[in-house]
Amino acid sequence: MSEASRLAAISAFLLKHRSSPVFRSRREPTPGVEPPDATESAETFTRDLEALGPTFVKIGQMLSTRPDMVPPDYLVALSRLQDDVKPASAEEITQLIEEELGAPMDKLFREFEPVPVGTASFAQVHRAVLPSGRQVAVKVQRPAVAAQVDTDLAAVERLIRSLGLVSGADERYGFSEWLEEFRATVRAELDYRQEADNLDTFHDRLREYENIGVPTPVWDYTRRRVLVMDYVDGIQVTTIPGVLRTEVDLKPLAHDLGKAYLDQVFVHGLIHADPHPGNVKLTADHRLVLLDLGMVGYVPPRLRDQLLKLVVATIDGRGEQAAETFVHMGTRLEDFDEARFSRETARLVARFSSATTWTESEGGFLLKLVELGGQCGLKPPAELTLLGKTLLNLESVILALDPDASLREVLRLHMHGMLRDRTLGKLDMGRLATEVLEVQELVREAPQRLSVLLRTLADNRFRVHVAGLEEAHLIESMQKIANRITAGVIAAAMVVGAALIMDIPTPHTLLGYPALALVLFLGAVVLGAALVVSSLLGDRRARPKAEKDPL
């Protein structure tokens, strides 16, 4: 499809759904006007998005993790998007592998199955055997998919800006920022060297869990568009037969999986963005293997502490602390309603923590808080929505292994262990050495700095600089005000002078009126019109920037 045809298809989609809540800020229904069927609109939106191809399927899947941007009916519809694509031909895949690895197929592999064992929007996986006899899975990027993604995203961004489809929602929910974040995420996902590095990282982090692992990458066979790793022969956790459940106790596996994921997030700061049941396999030796680590988020230590505080506060029923922690993590918009947010958060936390049955998951509850923050004018950090979606998917895997399990209970039991590991993690020798050097520098320089401060106070040279007001901007604004007042006074004087001159007889007339009076009047009109135009176009009030609380 040509670029012009692609632009036309995307334009048609954006124009058709220009009034969608995904692009527009949510409003209360207009009294007397029947609102459209939200479910039907969401299904139509999803079908049209899917028809645009792999890039937009991925966009829809990512949007399904943003309850602050997308209404509930759209979230449900988008979460059902599937990567239903036709596999690339064997000739195309062979050519791409040989280009990336620089050798013919018969030299690279002893066996290579041309029919893929799995296909997705961006890649397909083939089973193969290395010359050494090692069974491997070969993940190959679909031909020209990277160029198509760049073209599609550039077209979306250009069309959205030119057509003005994103109005208040862009400022409130950060749609343009999300699009840039999505672009960076997809580009990282299309570099399979990054996924291989993620596999190595998770392999090291999961060493203490004997029954949980990830495939080992083959670095000699890994390039930007090709990833070769150990082949995992197993069954998906959702298809475990009942006979196997009677023979093997899967409860310890479910518990260990929950602990392992919580450790990755809150101890090591790694979020596997897609741990849904299709990406977790149970092997013949009763081990769990995690697949598809292309999308892994990193949580900085300070934000990690805040996330853990938020999760613990929700479990313990401390609504006020949960609301306060959420506010510290988020970005306040100018219309942020803190009182409403604190009140609603406390109510939700109390109901969630006091439930006698596990009717709601921890991940689902976090996504509800994200949605509430968006409604109250608080933009959450991207890591929080990612964590909510991850915990939601993780709980579905745990329930597939053990229907009586609960991620909340796993978190309660494992909380002390996580806190201990986090504390010990902060006591590594490198960190301690840095802090000792900082304390040594403080002690060495403290007397000199104190002496300089006392000397400055004694000489009356102590000054306080207030950075809240921009002096240049303030002076410029005052000059504009003075110019406006001066121009207004001159225009008024010209009108008054013209009115007085009208009654004075004179031989010099213009259109039957005294020429000087008419010139003064016309000059006042021009000056007044210039003032109005300047006020409307030149001095629009700048919106205050969103205030972000320090963590």
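The paragraphs below go through this predicted model from its overall make-up to its cores, two helix pairs and three single residues.

The protein has 551 residues, and 42% of them count as buried. Its secondary structure consists of 21 helices and 16 strands. Among contacts with a sequence separation of 6 or more, 71% join residues that are 24 or more positions apart.

The largest nonpolar core holds 71 residues. Within that core, Leu257, Leu288, Leu290 and Phe341 are the members that touch the most other members. A second core, separate from this one, has 29 residues, including Val22, Met62, Val149 and Ala155.

Phe341 can be followed further. Apart from neighbours within four places in sequence, Phe341 is in contact with Ala323, Phe326, Val327, Phe336, Leu369, Leu372, Gly373, Cys376 and Leu378. Phe341 also takes part in a helix pair, as one of the residues that helix 15 brings to its contact with helix 14.

Two packed helices are described by the angle between their axes and the distance between the axes. For helix 14 (residues 319–329) and helix 15 (residues 338–353), the angle is about 130° and the axes are 8 Å apart. Roughly antiparallel would require an angle over 145 degrees, so helix 14 and helix 15 are classed as oblique to each other. Their crossing is right-handed. Helix 14 contributes Gly319, Ala322, Ala323, Phe326 and Val327 to the contact, while helix 15 contributes Phe341, Ser342, Thr345, Ala346 and Val349. Seven of these contact residues are nonpolar and three are polar, with no charged residue.

The other pair is formed by helix 16 (residues 362–376) and helix 17 (residues 382–401), which pack at an angle of about 155° with their axes 7 Å apart. This angle makes helix 16 roughly antiparallel to helix 17. The crossing of helix 16 and helix 17 is left-handed. On the helix 16 side, the contact is made by Glu362, Gly363, Gly364, Leu366, Leu367 and Val370. On the helix 17 side, the residues are Leu384, Thr385, Leu387, Gly388, Lys389, Leu391, Leu392 and Glu395. By class, the residues of this contact divide into seven nonpolar, four polar and three charged. Charged residues are thus present in the contact of helix 16 with helix 17, whereas the contact of helix 14 with helix 15 has none.

Three single residues remain. Asn198 is part of helix 10 (residues 192–205). Its relative accessibility is 8%, and because buried means under 20%, Asn198 counts as buried. Leaving out neighbours within four places in sequence, Asn198 is in contact with Leu293, Gly294 and Val296.

The remaining two are loop residues with positive phi. Ala144 is not a glycine, yet its phi is positive, at about 65°. Ala144 sits in the loop between strand 4 (135–141) and helix 7 (145–163). With a relative accessibility of 54%, Ala144 counts as exposed. Asn460, also a residue other than glycine, has a positive phi near 55°. The loop that holds Asn460 runs between helix 19 (429–458) and helix 20 (471–501). Asn460 has a relative accessibility of 71% and therefore counts as exposed.

Definitions and conventions
Residues numbered from 1 in each chain as written. Predicted model: local features only at pLDDT ≥ 70, side-chain atom pairs only at ≥ 80, totals over all residues. Heavy atoms only, no water. Core = buried A, V, L, I, M, F, W, Y, C linked by side-chain atoms within 4.5 Å. Buried < 20%, exposed > 50% of the residue type's maximum accessible area, 1.4 Å probe, protein only. Contact = heavy atoms within 4.5 Å. Helix = DSSP H or I, 4+ residues; strand = E, 2+ residues; numbered from the N terminus. Axes fitted to C-alpha atoms, helices over the stretch in contact; angles between N-to-C directions. Parallel < 35°, antiparallel > 145°, perpendicular 65-115°, else oblique. Left-handed = near helix turned anticlockwise from the far one by under 90°. Nonpolar A, V, L, I, M, F, W, Y, C, P; charged D, E, K, R; others polar.
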